[in-house]
Amino acid sequence: MAVRGGLRLFLTSAVLAMAFAGFFGGVDSYNRPPMHKTLVVRNLADDLDAVSPQQVHLSVVGEDKMRISWITEAPTPATVQYGTSPGKYEFSADGTTSSYSYLTYDSGEIHDTVIGPLKPNSLYYYRCGVDSTREFSFKTPPAQFPVKFAVVGDLGQTGWTQSTLRHIAESNYDMLLLPGDLSYADLNQPLWDSFGRLVEPLASQRPWMVTQGNHEIEKIPLIHSEPFTAYNARWRMPFEQSGSGSNLFYSFDVAGVHVIMLGSYTDFDPNSAQFKWLVADLRKIDRNKTPWTVVLIHAPWYNSNTAHQGEKESIDMKASMEGLLYRARVDVVFAGHVHAYERFTRVYNGKTDNCGPVHITIGDGGNREGLASKYINPKPNISIFREASFGHGQLAVVNATHALWTWHRNDDDAAVSSDSVWLRSLSSDTACKVKT
């Protein structure tokens, strides 16, 4: 996590402005409010040495394994020791170590180790590295219903983010789903480290499953042509297990729910690898095993906010893939990007359809760009609830047929939801048979 001096002169304000305009915002269809101050989380306590783990986070791999990811400032074995009692580690696993460079920045040592098999709905204690004194713990997701997801997009790292994370921590969730825009580092690579430290208290205890947004692209013409460098290096997801060839789109099963993560900022036309993978993945869904199907994207396909209207990542991706999701009877589509909350009815092709998915925009995690507070009026009939406030959502899947969705505004006590609706799985609706 070092910064080299030689190339710094080339990173001029003009280049930064070009990068921000062309790659982070897409079509700037609205006037952004003044930015909020970024919360920078510094290195941990001074008594920790260069091989002490930091930025620890988890992600599921298959149905009974967990990936432990962490960063050290100096080389150390990618070893995780773990067990079911504090301080007693009956098991050990070794993983891989990598790093990356971005302009004047060199990352720390990025360690990825997969542990397991693990028992469902069980508490494990673990430590990263050989001689580390830091002990962490996590709970595995359940193998069957009920299961609770925390859902939040466009998280960032501000005081608003802290409030969101505090509410999520109180929700007793099993897994977090994040539809893109994580750190808002926007070229400033040390902010990726800051974000990792900020979310570690939660992300080291429950699996965080993420997909990318526009702020993860970080591509600069002529200078750094490879997109998603930091994101792919730091947030490795289990794409291989679902037959995907890219960390930008993948799927997994958890407790009766099939979750599909799609990439709004990689190719999605019918000739693309992502499209072909999605067709194959949807065909593999066993509704007897996973009666619920949930999809995450970043750029919303339905949006009555004035922000981010007319963007190809929304319009073209919807035109390419909406029919696939509809015919597969996807239950819910979560999106981010718009910094507000909005819930639509079940919809397909712009109209109410009882066999279409519920679309929910949840891009209100706390990013520094502030809220998108202007909506199109009159409100479309398909839009049921909309509000420009920071918060997060919870999807409590009770059984094979029913789930409770709640949205929690940050200003509210964690026990009070501002919007809620009971959902019935389309697999249990005889009028909504899967179309092949």
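Leaving aside its neighbours within four places in sequence, which residues is I68 in contact with? I shall answer that in a moment, after a word on the model itself. What we are looking at is a predicted model.

The answer is a list spread along the chain. With those sequence neighbours left out, I68 is in contact with V56, H57, L58 and V80, with H111, D112, T113 and I115, and also with Y126, C128 and F138. One of these partners, C128, counts as buried because its relative accessibility is 0%, and under 20% is the cut-off for that word.

Let us now place I68 in its surroundings. The largest nonpolar core of the model has 108 residues, and I68 and W208 are the ones with the most contacts inside it. Helix α3, which covers residues 190-203, gives the most to this core, namely seven residues. There is also a second, separate core of five residues, among them A307, V338, A340 and A372. As general background, nonpolar side chains tend to be buried together in soluble globular proteins.

I turn next to the cysteines. How many disulfides does the model contain? The count comes to one. This disulfide joins C355 to C432, with an S to S distance of 2.0 Å. The link between C355 and C432 is left-handed, with -85° about the S-S bond. C355 lies in the loop between β20 (351-352) and β21 (358-362), while C432 lies in the segment after β25 (419-424), so the pair ties together parts that are 77 residues apart in sequence. Finally, are these two cysteines, C355 and C432, buried or exposed? Both C355 and C432 are buried.

How values were computed. Residues are numbered from 1 along each chain as its sequence is written. This is a predicted model: local features need pLDDT of at least 70, side-chain atom pairs count only at pLDDT 80 or more; totals for chains, interfaces and linings use all residues. Side-chain values use heavy atoms; hydrogens and water are left out. A nonpolar core is a set of buried Ala, Val, Leu, Ile, Met, Phe, Trp, Tyr and Cys residues joined through side-chain atoms within 4.5 Å. Buried means under 20% relative accessible area, exposed over 50%, partly exposed in between (1.4 Å probe, protein chains only). Helices (H or I, at least four residues) and strands (E, at least two) are DSSP runs, numbered from the N terminus. Contact means heavy atoms within 4.5 Å. A disulfide is a pair of cysteine sulfur atoms within 2.5 Å.
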